[in-house]
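Please take a look at the protein shown here. The report below starts from a single residue and works outward.

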Amino acid sequence: MSLGAIPGTGPATSPLPVIRPVKVPRTFADLPTGRTLVMGILNVTEDSFSDGGRYVRTDDAIGHGLRMFYAGADIIDVGGESTRPGADFVAPEAELARVLPVVKALVKAGAIVSVDTMHTSTARAALDAGAHIVNDVSGLTHEPDMPALIAERRAPYVLMHRRGDSKSMTREANYGDVVDEVVAELAEVRDRFLAAGVPAECIVIDPGLGFAKNPEHNWALLRGIDRLQSLGHPVLIGTSRKRFLGSLLAEAGKPAPPAERDTATAATSALAAAAGAWCVRVHDVEGTLDAVKVATAWANPAAVPSGTRG
């Protein structure tokens, strides 16, 4: 694929990469097997906690998505609304305007794309544009027509645990046994989707680290991946640059800034991979890809390529 430049149009554009389409579009079935997948985070937002504003321009977002794709990301996760605690809500129309051209460009380049959205209208339009996966962080408050859409399209759907919304979820971080309660609440929402006709094999579950969770809850859920797997679905883990890692790495009482949390993210991603997670969602694709390959080799010696032993 060659990259050149053509003039863009509109206030959020500038010269855009020229993308030569792949001859045969890739599908979800083309994803690698035998190791934990790496999902690259692409925030087309103004206020995400780690990189808000860096990729809000269409050309910047496409360029960063391509860089992650060429670096080995198995999936590119494109989102147009920040879901950090306290974030302002974004109208579905504005969210769609941000993500749709990016989804189209990355699909054209041959990437497997997920759309990070809580809105059925955005999910539908992104799937129409070639997105392969819907990644929905709404948790217990999903839009009522989302199950019907996923049943209709039979698209892989990431069902994440969250109580409340971005404004209220911090107050909802109250659990007895957090793993038991998260598993039970995920099962409850999962059953709504199954009842709507969503095939069980379309569902991926995500415990929602940092979403209505404090640091102790996050660590407990990381240690409890086997209990999450008891639901019978692939598990996605997202620790990337999250606050509990910043607190762990604090110096003189000051949390490490998000950009300095990638090594810790790679470590937690490797632990998740060794525990059998299906996918990890991260900002730093290259470092995490190395980490999950090491974890795979450690957990499954048969997965080490011949000629590399010794």
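Is Cys279 buried or exposed? In this predicted model, Cys279 has a relative accessibility of 0%. Buried means under 20%, so Cys279 counts as buried.

**Cysteines and alanine compared with the cut-off**

The table lists three residues and their relative accessibility.

| Residue | Relative accessibility | Class |
|---|---|---|
| Cys202 | 8% | buried |
| Cys279 | 0% | buried |
| Ala61 | 0% | buried |

How many disulfides does the structure hold? The count is zero.

**The protein as a whole**

The protein has 310 residues, and 54% of them are buried. Its secondary structure consists of ten helices and eight strands. The accessible surface comes to about 13,500 Å². Carbon and sulfur atoms hold 55% of that surface. Now take the contacts with a separation of 6 or more: 67% of them join residues 24 or more positions apart.

**Nonpolar cores**

The largest nonpolar core has 79 residues. Leu42, Ile76, Val78, Leu106, Phe193 and Ile237 have the most contacts inside it. Another core lies apart from this one and has eleven residues. Among them are Leu37, Leu236, Trp278 and Cys279.

Ile237 and Cys279 are in contact. Leaving aside neighbours within four places in sequence, the contacts of Ile237 also include Pro207, Leu209, Leu222, Ile225 and Ala272.

**Ala61 and its partners**

Ala61 is found in helix α1, which covers residues 58-70. Which residues touch Ala61, leaving aside neighbours within four places in sequence? They are Leu42, Val44, Tyr55 and Val102. Val44 is 17 residues from Ala61 in sequence. In space, their C-alpha atoms are 6.3 Å apart. Leu42 also appears among the residues with the most contacts inside the largest core.

**Helix α9**

Helix α9 runs over residues 262-274 and has 13 residues. How far should it span? At 1.5 Å a residue, the expected value is 18 Å. The end C-alpha atoms are 18 Å apart, so the two agree.

The buried residues of α9 include Asp262, Ala264, Thr265, Ala266 and Ala272. What covers the buried residues of α9? The cover includes the helices α6 (215-223), α7 (225-229), α8 (243-248) and α10 (285-299). It also includes the strands β7 (236-237) and β8 (279-282). After α9 comes Gly276, with a positive phi near 100 degrees.

Conventions. Residues are numbered from 1 along each chain as its sequence is written. This is a predicted model: local features need pLDDT of at least 70, side-chain atom pairs count only at pLDDT 80 or more; totals for chains, interfaces and linings use all residues. Side-chain values use heavy atoms; hydrogens and water are left out. A disulfide is a pair of cysteine sulfur atoms within 2.5 Å. Buried means under 20% relative accessible area, exposed over 50%, partly exposed in between (1.4 Å probe, protein chains only). A nonpolar core is a set of buried Ala, Val, Leu, Ile, Met, Phe, Trp, Tyr and Cys residues joined through side-chain atoms within 4.5 Å. Contact means heavy atoms within 4.5 Å. Helices (H or I, at least four residues) and strands (E, at least two) are DSSP runs, numbered from the N terminus. The expected span of a helix is 1.5 Å times one less than its number of residues. Accessible areas come from the Shrake-Rupley method with a 1.4 Å probe; for residues, only the protein chains shown count as cover.
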